[in-house]
Amino acid sequence: MNTAAKLGAYGLGLAVVFGGALGLGNAVGAVTPAPAATSSHSAHAEPVATTAPAAIDTPGGLQVSENGYTLTPLTGAIKPGEPTDFRFGVTGPGGRPVTDYEVAHDKKLHLIVVSRDLGDFQHVHPELGADGVWSVKLTLPEAGAYRMFADFKPTGGEALTLGADVLVAGDYAPKALPPAGRTATVDGYTVELEGELVPGRSSRLALAVSKDGKPVTDLQLYLGAYGHLVALRGADLAYLHVHPDGEPGDGKTQAGPGIVFYAEAPSTGSYRLFLDFQHEDKVRTAAFTVNVGTAPAVAAETTSEPTPTKSSSQDEHGDHSH
């Protein structure tokens, strides 16, 4: 099979995956049928209440458009291993380019680019032109399919994470997801992961950074925090909500070795976690694969008396965007 055919077939596979995810996300409850009239003297039928569509919280990054905003890649052919002037734009309601953004973690927009097999991860910060076009120098190391995520908050709007596919020409052989583990090493640093992702609710994740066997207690601020965590679902690259615990300067949050986050896993499956941290004036990324087990049981409707169950406590931390 030639290269174009390989990438075309792979792109079709991605379309099936993303389409299936969105199809499930848009499912709604059944509508209650109107009851038959009980009196022949009734001149007009009384209005009948119907079941409203269920509110669906679709994970971020699965959609190229949301709430009237659309992410559009503007760069053409990309060659593997070659620096590219990567460009993209965001249009708002009415189709106009968005030029006003609120600053979050020191930047107006965070761009995450990952290979489809989650082997390559880049967190970069493009520059915004007066015409609403974002640009950044980007090198994608190998041929294949990548996913870009634009994490931003338009002025006066809600925070969004939009996603789009990026294809790099060439022969592509996808790699298996790295095995699950609790320890990651990068540039002589060791990062230990403590905590479990639990489907359906927020979970505490603590990451401890050490070097040469000694805890690192002087992490440097990077984008206004001691660490930034991105979590992606392996099956479809859904972008998880991740909330940092504490804030530098609050009198409680220490500069290491521990960095704490709260993450919300929407389902069971394999996830990839990427922690960015800065020490000795350099940003490094530690990566983990985490397998999420069975979701908490939901009581089914039954004619017999239900068995009492102990409910899980809910996370009381406020929502902070990544």
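Biologist: Along strand β11 (residues 189–194), which side chains point to one face and are buried?

Modeller: This is a predicted model. The side chains of β11 alternate along the strand. T190, E192 and E194 point to one face and are not buried, while the other face carries the buried residues Y189, V191 and L193.

Biologist: Which residue in β12 stands opposite V191?

Modeller: Strand β12 covers residues 202–211 and runs antiparallel to β11, with 6 bridges joining the two. Within β12, the residue opposite V191 is V209.

Biologist: How many residues lie between β10 and β11 in their hairpin?

Modeller: Strand β10 (residues 183–186) pairs with β11 in the antiparallel sense over 4 bridges. One of the bridge partnerships is that of T185 with T190 in β11. In the turn, D187 has a positive phi of about 50°. The number of residues between the two strands is 2.

Biologist: With which residue does R284 form a salt bridge?

Modeller: R284 lies in strand β18 (residues 282–292) and its partner in the loop between β10 and β11, so the pair ties together parts that are 97 residues apart in sequence. R284 counts as buried at 9% relative accessibility, whereas the partner is partly exposed at 47%. The closest N and O atoms are 3.4 Å apart, and the partner is D187.

Biologist: What is the N to O distance in the salt bridge of K211 and E280?

Modeller: K211 lies in strand β12 and E280 in the loop between β17 (269–279) and β18, so this pair ties together parts 69 residues apart in sequence. K211 is partly exposed at 25% relative accessibility, and E280 is partly exposed at 48%. The side chains meet at an N to O distance of 3.3 Å.

Biologist: How many residues apart are E102 and K153?

Modeller: These residues form a salt bridge, with 3.6 Å between the closest N and O atoms. E102 is in the loop between β3 (84–91) and β4 (109–115), and K153 is in the loop between β8 (144–152) and β9 (160–168). The separation along the chain is 51 residues.

Biologist: Which strands stand at the edges of the open sheet, each with a single partner strand?

Modeller: The sheet has 5 strands in the order β1-β2-β3-β7-β6, with antiparallel pairing. β6 pairs with β7 (residues 133–138) over 2 bridges, and E127 has S135 in β7 as its bridge partner. Each edge strand has a single partner, so one side of each is left without a neighbour in the sheet; the two are β1 (65–66) and β6 (127–128).

Terms used:
Residues are numbered from 1 along each chain as its sequence is written. This is a predicted model: local features need pLDDT of at least 70, side-chain atom pairs count only at pLDDT 80 or more; totals for chains, interfaces and linings use all residues. Side-chain values use heavy atoms; hydrogens and water are left out. Two strands pair if DSSP finds at least two bridges between them. Buried means under 20% relative accessible area, exposed over 50%, partly exposed in between (1.4 Å probe, protein chains only). A salt bridge is a side-chain nitrogen of Lys or Arg within 4 Å of a carboxyl oxygen of Asp or Glu.
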